[in-house]
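Student: I've just opened this entry and I'd like to talk it through. Can we go over what the terms mean as we look?

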Amino acid sequence: MSRLDRTSAQPLSRAARATAAALGRRWKLPAPLSAVQVLRDQDAPMRDGATLRADVYLPSTDGPHPTVLLRSPYGRGAAFAVSMAVPFAERGYAVVMQSVRGTFGSGGEFSPVVNEEHDGQDTVVWLREQPWFDGRLATLGPSYLGYTQWALALDPPPELKAMILHIGPHDLAQAGMIDGAFQLTNLSIWTDLIVHQEQVGFLRGLIRLGTAERRLTPFLGDLPLQGLAERFGGNPAPWFDEWLSHPDLTDPYWDRYRATPAVHSSTVPTLLIGGWQDWFVEQTLYQYAALRDRGVDVGMTIGPWAHLGIDPAVTTPESLAWLNTHLPVAGAAETEPRKARVQVFVTGARTWRKLPDWPPAPTDRTWYLAPDGRLADDVPVEAGETSFRYDPMDPTPSVGGRVLAGSAGQRDNRELEARDDVCTFTTSALRTPVEVQGGVRVRLHVESDNPYADLFLRLCDVEPSGKSINVTDRLVRLDPAPGEQPAPGPRVVETTLPDVAHRFRAGHQIRLQVSGGAHPRYARNMGTGEPLGQAALGVPVTHRICSGGAAPSSVTLPTA
């Protein structure tokens with residue numbers, strides 16, 4: 001770097017150097033190439049006059065350097081920097097950690113994702129003027145930082161040579177309304193994080209995040225939902241009520257929350273890292289398929305993780321290898337190209353598999369629902385039905401799954417399945433293992449006495465001890481379209497649960513769990529058709545699941 005830059009740069013603290021060294025050993029990273037210096041509080045001007053602030057982590061060797069950009073709403077604190085910036089700066093990359101508009105010293109007003117396209121472009125304009133930037137750019141980061149990458153890729157600058165997205169969405173609208181139902185737990189916890197994060201320190205912020213589910217649950221049961229975010233305290237969050245008042249994802253209101261066109265136009269080599277229990281796993285899989293189908297250089301790793309549990313011992317080496325392949329650094333150890341385009345962790349088997357593509361070409365195996373609660377190999381000859389009642393004023397609770405909380409992921413469902421408003425259908429003990437790779441298809445013949453209703457469908461692995469562990473799930477909204485008159489009698493509900501790689505061991509059982517909701521993960525369906533944020537009283541529904549005879553209900557697993 002230039003003499004001026006050396007004068008203004010600061011060395012890392014002794015604690016930061018020691019922590020970085022320990023993490024490098026733990027994560028089995030290549031040896032560092034140099035020490036790291038930091039340019040703090042660097043100002044980047046935006047086209048509307050706002051100024052965004054960044055810290056720049058630079059190798060102490062002469063530059064310029066290939067540069068990695070992280071654009072975040074979560075601050076530039078030491079813990080984030082030591083894990084996300086220093087490992088790459090030690091190995092030859094300039095790393096820019098920028099606070100997005102309206103956060104941690106950056107000017108302007110924060111509004112989730114809507115400014116990231118233009119602000120990202122203006123940041124690259126600023127980068128071009130920096131003496132330490134060699135003209136090669138990569139983007140990196142998890143979650144919201146993944147969205148900022150897709151926003152930049154809407155009109156990718158020529159300098160952009162690689163993207164590395166960890167658990168990152170491209171469509172915030174779809175993420176907030178998965179399966180057509182408001183993601184109450186996830187959006188509440190995220191909003192609570194954002195509105196308080198600059199009022200508390202880093203450690204207190206971690207404690208608040210860890211306790212958010214317990215702290216917020218009493219609020220999430222309150223009705224109506226409009227005004228909920230105000231009860232969290234902290235800074236204003238006007239977006240929350242706006243989201244509640246726009247339940248239709250075809251509403252033009254949501255266009256500013258989407259970077260989907262980038263997924264279908266980008267040719268930038270992209271590494272995608274997700275988790276089977278991550279909030280955004282379906283978007284990660286969508287991104288992979290879209291890039292692969294257009295011949296883009298894309299790799300994908302899916303681990304067993306939930307959103308808050310992604311493992312940096314996997315993600316950091318893979319990210320560094322992707323950088324070394326597409327933005328090589330002089331003097332760095334030669335990196336082998338990624339041997340397999342896809343790497344997935346198979347839950348149940350507790351092992352990684354390297355695959356040429358996803359999903360593989362599996363063999364379908366179908367089981368049929370029986371009225372006595374079995375999943376049978378053959379269609380039951382006699383027709384029957386299984387009934388349950390869902391009451392939105394005493395909603396079926398959510399357990400585990402893809403939530404932004406410590407209770408996320410695979411959990412024991414036995415207490416949930418003991419409720420009267422939950423039905424289960426279970427195979428006999430498996431004689432041989434069954435490995436699922438892909439999306440599980442469910443086909444139900446259902447009759448409901450209220451047209452405004454949901455079905456929550458979950459596949460579980462039942463251990464010999466009786467413990468029932470969730471594998472994958474989906475909510476299906478049955479509400480009629482505006483102006484539609486529901487037809488009398490049973491309807492056929494067909495859906496595919498989110499993809500999974502899971503091995504049911506010999507002696508285990510496969511279970512389909514059916515209920516009328518999963519609250520507060522999903523905002524409950526009140527059974528009235530009223531606007532989402534305004535309903536205060538609910539109307540129950542009774543569902544009758546038909547099985548056997550001429551109307552067989554079934555579950556089909558793509559087995560390896």
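Tutor: Let's start with charge. In this predicted model, the chain carries 53 positive and 62 negative charges, and their mean positions lie 8 Å apart.

Student: What makes a residue count as positive or negative here?

Tutor: Lys and Arg are taken as positive, Asp and Glu as negative, while His and the chain ends are left out.

Student: And how do you know that the radius of gyration agrees with a compact globule?

Tutor: You set the value against the rule. A compact globule of 560 residues would come out near 24 Å, and the protein chain has 25 Å, so the two agree. Along the principal axes, the C-alpha atoms fill a box of roughly 85 × 50 × 40 Å.

Student: What is the chain built from, in helices and strands?

Tutor: The protein chain has 14 helices and 24 strands. Looking at contacts between residues at least 6 apart in sequence, 78% join residues at least 24 apart.

Student: How much of the chain is buried, and how much area does the chain expose?

Tutor: Buried residues account for 57% of the 560. About 22,200 Å² is exposed, and carbon and sulfur atoms supply 52% of that area.

Student: Why is serine 547 called buried?

Tutor: Its relative accessible area is 1%, and the cut-off for buried is under 20%, so serine 547 qualifies. Serine 547 sits in strand S23, residues 541-547. Beyond its sequence neighbours, serine 547 touches residues including Leu369, Ala370, Pro371, Glu382 and Ser553.

Student: Then what makes glycine 549 partly exposed?

Tutor: Glycine 549 has a relative accessible area of 29%. Partly exposed runs between the 20% and 50% limits, so that is the label glycine 549 gets. Glycine 549 lies in the loop between S23 and strand S24 (554-559).

Student: Which residues does glycine 549 contact, leaving aside its neighbours within four places in sequence?

Tutor: Those are Val379, Pro380, Val381, Glu382 and Ala383. Take valine 381: it is 168 residues away along the chain, yet the two C-alpha atoms are separated by 5.2 Å.

Student: Where is alanine 376, and is it buried or exposed?

Tutor: Alanine 376 is in strand S13, residues 375-376. With a relative accessible area of 8%, alanine 376 is buried. Beyond its sequence neighbours, alanine 376 touches Trp367 and Tyr368. The C-alpha atoms of alanine 376 and arginine 292 are separated by 37 Å, with their positions 84 residues apart along the chain.

Student: Why does alanine 212 count as buried?

Tutor: Alanine 212 has a relative accessible area of 1%, so it is buried. Alanine 212 belongs to helix H9. Alanine 212 and proline 45 are 167 residues apart in sequence and 35 Å apart in space, C-alpha to C-alpha.

Student: What makes a group of residues a nonpolar core?

Tutor: The members are buried nonpolar residues joined through side-chain atoms within 4.5 Å. The largest core here has 93 residues, and those touching the most other members are Trp132, Trp150, Phe182, Trp239, Trp243, Tyr257 and Trp358. Another core, of 36 residues, lies apart from it and includes Phe80, Ala81, Ala85 and Ala89.

Student: What does tryptophan 358 contact outside its own stretch of sequence?

Tutor: Its contacts include Trp276, Leu285, Tyr288, Arg292, Gln437 and Asp499. Tryptophan 358 also takes part in a cis peptide bond with proline 359, with omega about -10 degrees. Proline 359 is in the loop between strand S11 (351-355) and strand S12 (363-369).

Student: Which other residues are joined by a cis peptide bond?

Tutor: Leucine 223 and proline 224 are, with omega about -5 degrees. Proline 224 is in the loop between helix H9 (202-220) and helix H10 (238-244).

Student: Why point these out, along with positive phi values?

Tutor: Because most peptide bonds are trans, and most residues other than glycine have a negative phi. Serine 143 has a positive phi of about 60 degrees, and aspartate 179 has one near 65 degrees.

Student: How do you know that both of those are buried?

Tutor: Serine 143 has 13% relative accessibility and aspartate 179 has 19%. Buried means under 20%, so serine 143 counts, and so does aspartate 179. Serine 143 is in the loop between strand S6 (133-142) and helix H6 (144-153), and aspartate 179 in the loop between helix H7 (172-176) and helix H8 (184-196).

Note on methods
Residues numbered from 1 in each chain as written. Predicted model: local features only at pLDDT ≥ 70, side-chain atom pairs only at ≥ 80, totals over all residues. Heavy atoms only, no water. Helix = DSSP H or I, 4+ residues; strand = E, 2+ residues; numbered from the N terminus. Rg over C-alpha atoms; globule rule 2.2 N^0.38 Å. Buried < 20%, exposed > 50% of the residue type's maximum accessible area, 1.4 Å probe, protein only. Contact = heavy atoms within 4.5 Å. Areas by Shrake-Rupley, 256 points an atom, 1.4 Å probe, with all protein chains shown as cover. Charge placed at Lys NZ, Arg CZ, Asp CG, Glu CD.
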